[in-house]
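Student: I should like a close look at how the helices pack in this model, together with the surroundings of a few selected side chains. Please define each term as it arises.

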Amino acid sequence: MNTYAQEKVKPYGENGSKKAQVERMFNNIAHSYDRLNHTLSLGVDRLWRKNAIKHLKKCASPAPEQILDIATGTGDFALLAARLLQPKHIVGVDISEGMMAIGRQKIAAEGLSDTIELRKEDCSQMTFAADTFDAAISSFGLRNFANLDECLQEIRRVVRPEGHIVCIDLCTPTTFPMKQLFWLYKKLVMPVVGRFISHDDSAYTYLPSSMDAIPQGQDMVRIFEKAGWRQVTCKHLLFSMCTRYTAIK
């Protein structure tokens, strides 16, 4: 297994594993996570999620009935998938009980508790049988994986043959002028706003650091391929601030 730069980036410094620190961080900011996401992205995160689900709907035939949402957090992606795809069942997995507690409240409020189930699982070693799900989705989770190769292999294991995966994640623009503008935004705006809303000094300095460290574009495509996924593609969204990755088992 390779070691990627993102796996060394931790919210609270060197002591402790990345997994434990990421779990702690998301438990700490769960109360403010949705507000922060929408504020920092100016609401564009909703459009990115919708783009990904619509792409899955276009690619997957027949429509997936059993969906796995990796790093589900507060359940926004699972809720959107339920509305747009109307599957029989969605299982959202995460390591943060604090985030999922918020998600379960939102799911219940929309009357979707019979469709969406949230479970605490480590996506590098899940308890599901092989070939369980028709499709896997993930939004803004890849950069938080402590062992990227293992997670992508494990997700592939639980997806059925010919099943799809669609992931979106933040990335760093590389062309003028967005590269320069985004550098200012992530160095000045993100930490200040994140600290003010979440009251966690580390969480929103970790975010831009993890964005810089995560493999991007064709580098991530090769990592998907190494994990056994086929027909891997990447599509940059909104001046390359977000990337959509798709593949087939």
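Tutor: The account below takes the helix pairs in turn, followed by single residues and the cysteines.

The model is predicted: local features need pLDDT of at least 70, side-chain atom pairs count only at pLDDT 80 or more, and totals for chains, interfaces and linings use all residues. Residues are numbered from 1 along each chain as its sequence is written, and side-chain values use heavy atoms, with hydrogens and water left out.

Two packed helices are described by the angle between their axes and the distance between the axes. Here the axes are lines fitted to C-alpha atoms, for helices over the stretch in contact, and angles run from 0 to 180 degrees between N-to-C directions. Helices (H or I, at least four residues) and strands (E, at least two) are DSSP runs, numbered from the N terminus.

Helix α2 (residues 33-40) packs with helix α7 (residues 178-198) at an angle of about 150°, the axes being 10 Å apart. The pair is therefore roughly antiparallel; angles under 35 degrees count as roughly parallel, over 145 as roughly antiparallel, 65 to 115 as roughly perpendicular and the rest as oblique. The crossing of α2 and α7 is right-handed. A crossing is left-handed if the near helix is turned anticlockwise from the far one by less than a right angle, and right-handed if clockwise. On the α2 side, Arg35, Leu36, Thr39 and Leu40 make the contact, and on the α7 side Tyr185, Met190, Val193, Gly194, Ile197 and Ser198 do so. Contact means heavy atoms within 4.5 Å. The residues of this contact of α2 with α7 comprise 6 nonpolar, 3 polar and 1 charged, where Ala, Val, Leu, Ile, Met, Phe, Trp, Tyr, Cys and Pro count as nonpolar, Asp, Glu, Lys and Arg as charged, and the others, Gly among them, as polar.

For helix α1 (residues 18-29) and helix α8 (residues 203-213), the axes come within 11 Å and cross at roughly 130°. These two helices, α1 and α8, are therefore oblique to each other, and their crossing is left-handed. Lys18, Val22, Met25 and Ile29 of α1 meet Ala203, Tyr204 and Tyr206 of α8. The residues of the contact of α1 with α8 are 6 nonpolar, no polar and 1 charged.

Helix α8 also holds Ser210, which counts as buried at 0% relative accessibility. Buried means under 20% relative accessible area, exposed over 50%, and partly exposed in between (1.4 Å probe, protein chains only). Leaving aside residues up to four places away in sequence, Ser210 touches Val9 and Arg143.

In helix α6 (residues 148-158), the buried residues are Leu148, Asp149, Cys151, Leu152, Glu154, Ile155 and Val158. They pack against β1 (66-70), β4 (133-139), β5 (159-170) and α9. Trp229, in the loop between α9 (218-226) and β6 (230-237), is buried with a relative accessible area of 3%. Not counting residues up to four places away in sequence, its contacts include Leu152, Ile155, Phe224 and Ile248.

As for the cysteines, a search of the whole structure finds 0 disulfides, a disulfide being a pair of cysteine sulfur atoms within 2.5 Å. Cys234 is in none, and the nearest cysteine sulfur, that of Cys171, is 9.2 Å away. At 22% relative accessibility, Cys234 counts as partly exposed. The sulfur of Cys242 is 6.4 Å from the closest cysteine sulfur, in Cys171, too far for a bond. Cys242 is buried, with a relative accessible area of 0%.
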